[in-house]
Amino acid sequence: MEQLTGKVAVVTGAASGIGLALARAFASEGMRLVLADVEEDALGTAVDDLAATGVEAIGVQTDVSLAESVEALAARTRERFGAAHVVCNNAGVATPGDPWVGPVSLWEWMFAVNVWGVVHGIRTFLPMLLAQGEGHFVNTASAAGLRARPHLAPYIASKYAVVGLSESLFLDLAESAPGVGVSVVCPTWVRTRIVDGARNWLPRFGAAPERSEDEQALHELASAALADGADPANIASEVVDAVHTGRFWVIPDRSVLDEVEQRAEGARGGRNPSRPSL
Ligand SMILES: NC(=O)c1ccc[n+]([C@@H]2O[C@H](COP(=O)([O-])OP(=O)(O)OC[C@H]3O[C@@H](n4cnc5c(N)ncnc54)[C@H](O)[C@@H]3O)[C@@H](O)[C@H]2O)c1
């Protein structure tokens with residue numbers, strides 16, 4: 001989409017981190033904004049901050065894991081702005097927990113938000129974008145969707161799913177609706193609150209899993225890596241460029257591609273996965 005000025009961007013997980021940076025970046029392009037997040041107070045602050053700079057923005061409290069909540073988001077978007085053009089399915093959660101002997105609710109929650117949240121976002125907004133013949137989906141996956149890490153199976157599997165469904169969506173739309181683009185965002189570490197993802201645990205999945213000592217150590221390692229991570233604003237500006245140019249892959253840390261190549265070479269050579277650092 002070459003022209004973004006005056007158009008409407010919907011961003012989920014917009015109250016923090018990459019989502020908030022996406023909202024700000026699209027606002028700088030002159031877009032009108034719909035910010036969606038499950039965290040009501042943080043969402044209110046994000047909207048107020050944008051509005052104070054003269055941006056036309058609304059906040060809609062949304063739980064992306066529920067189809068009806070995302071449908072209400074689309075209805076509110078249509079009511080307020082009459083359209084949506086760029087839809088960022090960005091909300092996501094992560095927390096350490098034992099994937100194999102811990103509670104299965106860890107998998108259920110992570111898939112509900114990270115995978116179903118993206119599916120609901122696409123299925124709900126696609127008819128609007130198709131009717132316009134114009135639009136762009138931005139799905140936030142992760143480098144974790146391109147190569148695995150130990151201890152993080154639910155997160156890794158959820159992000160492989162986002163990469164896979166995004167590629168498939170791209171292929172479907174390239175044929176049937178060339179005016180509707182797709183990008184998938186695969187960053188490594190970014191300075192956000194993702195490591196405290198458990199703050200958004202959804203009670204319908206039961207009690208939030210407790211962290212073991214090992215998991216606490218992993219949490220601390222991840223916190224340190226995040227503190228050294230990329231600025232979310234840099235990820236957002238790559239996304240804006242991808243929307244402008246119709247680019248599918250957004251992989252800001254190019255070292256990920258070396259790992260992807262090694263993985264393919266390993267598979268070709270019959271070598272088993274080897275253990276990388278975190
Ligand atoms: N930070 C990183 O290092 C990193 C790297 C790769 C990918 N990602 C991905 O980036 C995306 C954004 O995460 P972030 O790093 O900005 O973390 P963050 O925790 O700062 O932001 C995530 C936002 O999603 C919201 N959210 C959580 N559950 C929700 C739900 N059920 N419905 C609606 N909103 C919900 C949170 O309230 C929060 O505002 C996620 O999909 C994450 O997996 C992050």
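Okay, let's start with the aromatics: the count comes to 5 aromatic pairs in this structure. One of them is Trp 107 with Phe 111, where the ring centres are 6.0 Å apart and the planes sit at 40°, so we call that pair tilted. Both residues belong to helix H4, and they're 4 residues apart, about one turn of the helix. Before I go on, please keep in mind that this is a predicted model.

Right, on to the sheet. How many strands does it have, and in what order? There are 7 strands, and the order is S3-S2-S1-S4-S5-S6-S7. It's an open sheet, and the pairing is parallel. Now look at the edges. Strand S3, 57-61, and strand S7, 249-250, each have a single partner strand, so each of those two has one side without a neighbour in the sheet.

Let's zoom in on one pairing. Strand S5, residues 135-140, runs parallel to strand S6, residues 180-185, and 6 bridges join them. If you want a spot to look at, find His 136, which stands opposite Gly 181 in S6. H4 comes in here too: that helix packs on the sheet, touching S5 and S6 as well as S1 and strand S4, 86-89. The direction of H4 makes about 175° with that of S5.

Helix H3, residues 67-81, also lies across strands, namely S1 (8-12), S2 (32-37) and S3. Relative to S2, helix H3 runs at about 160°.

So what about helices against helices? Take H3 and H4. They pack at an angle of about 30°, with axes 9 Å apart, and the crossing is right-handed. On the H3 side the contact includes Val 70, Glu 71, Leu 73 and Arg 78, and on the H4 side it includes His 120, Thr 124, Phe 125 and Met 128. By class, that contact divides into 6 nonpolar, 4 polar and 2 charged residues.

H4 has another helix partner, H5. H4 is residues 105-132 and H5 is residues 153-176, and their axes come within 8 Å and cross at roughly 15°. An angle under 35 degrees counts as roughly parallel, and H4 and H5 are therefore roughly parallel to each other. This crossing is right-handed. Our two ring residues, Trp 107 and Phe 111, turn up in this contact on the H4 side, along with others including Val 115 and Ile 122; from H5 we have, among them, Tyr 155, Lys 159, Val 162 and Leu 169. The class count for H4 with H5 is 19 nonpolar, 2 polar and 1 charged.

Last pair: H1, residues 17-28, and H7, residues 232-245. Their axes come within 8 Å and cross at roughly 55°. Are they parallel or oblique? With that angle, H1 and H7 are therefore oblique to each other, and the crossing is right-handed. In H1, the residues involved include Gly 17, Ile 18, Leu 22 and Phe 26, and they meet residues of H7 including Pro 232, Ile 235, Val 239 and Val 243. Here we get 12 nonpolar residues, 1 polar and no charged ones.

If you take one thing to look at on the screen, make it H4: this helix packs on the sheet, crosses H5 at roughly 15°, and packs with H3 at about 30°.

Methods:
Residues numbered from 1 in each chain as written. Predicted model: local features only at pLDDT ≥ 70, side-chain atom pairs only at ≥ 80, totals over all residues. Heavy atoms only, no water. Axes fitted to C-alpha atoms, helices over the stretch in contact; angles between N-to-C directions. Parallel < 35°, antiparallel > 145°, perpendicular 65-115°, else oblique. Left-handed = near helix turned anticlockwise from the far one by under 90°. Contact = heavy atoms within 4.5 Å. Nonpolar A, V, L, I, M, F, W, Y, C, P; charged D, E, K, R; others polar. Pairing = 2+ DSSP bridges. Phe/Tyr/Trp six-rings, centres within 6.5 Å; stacked < 30°, edge-to-face > 60°.
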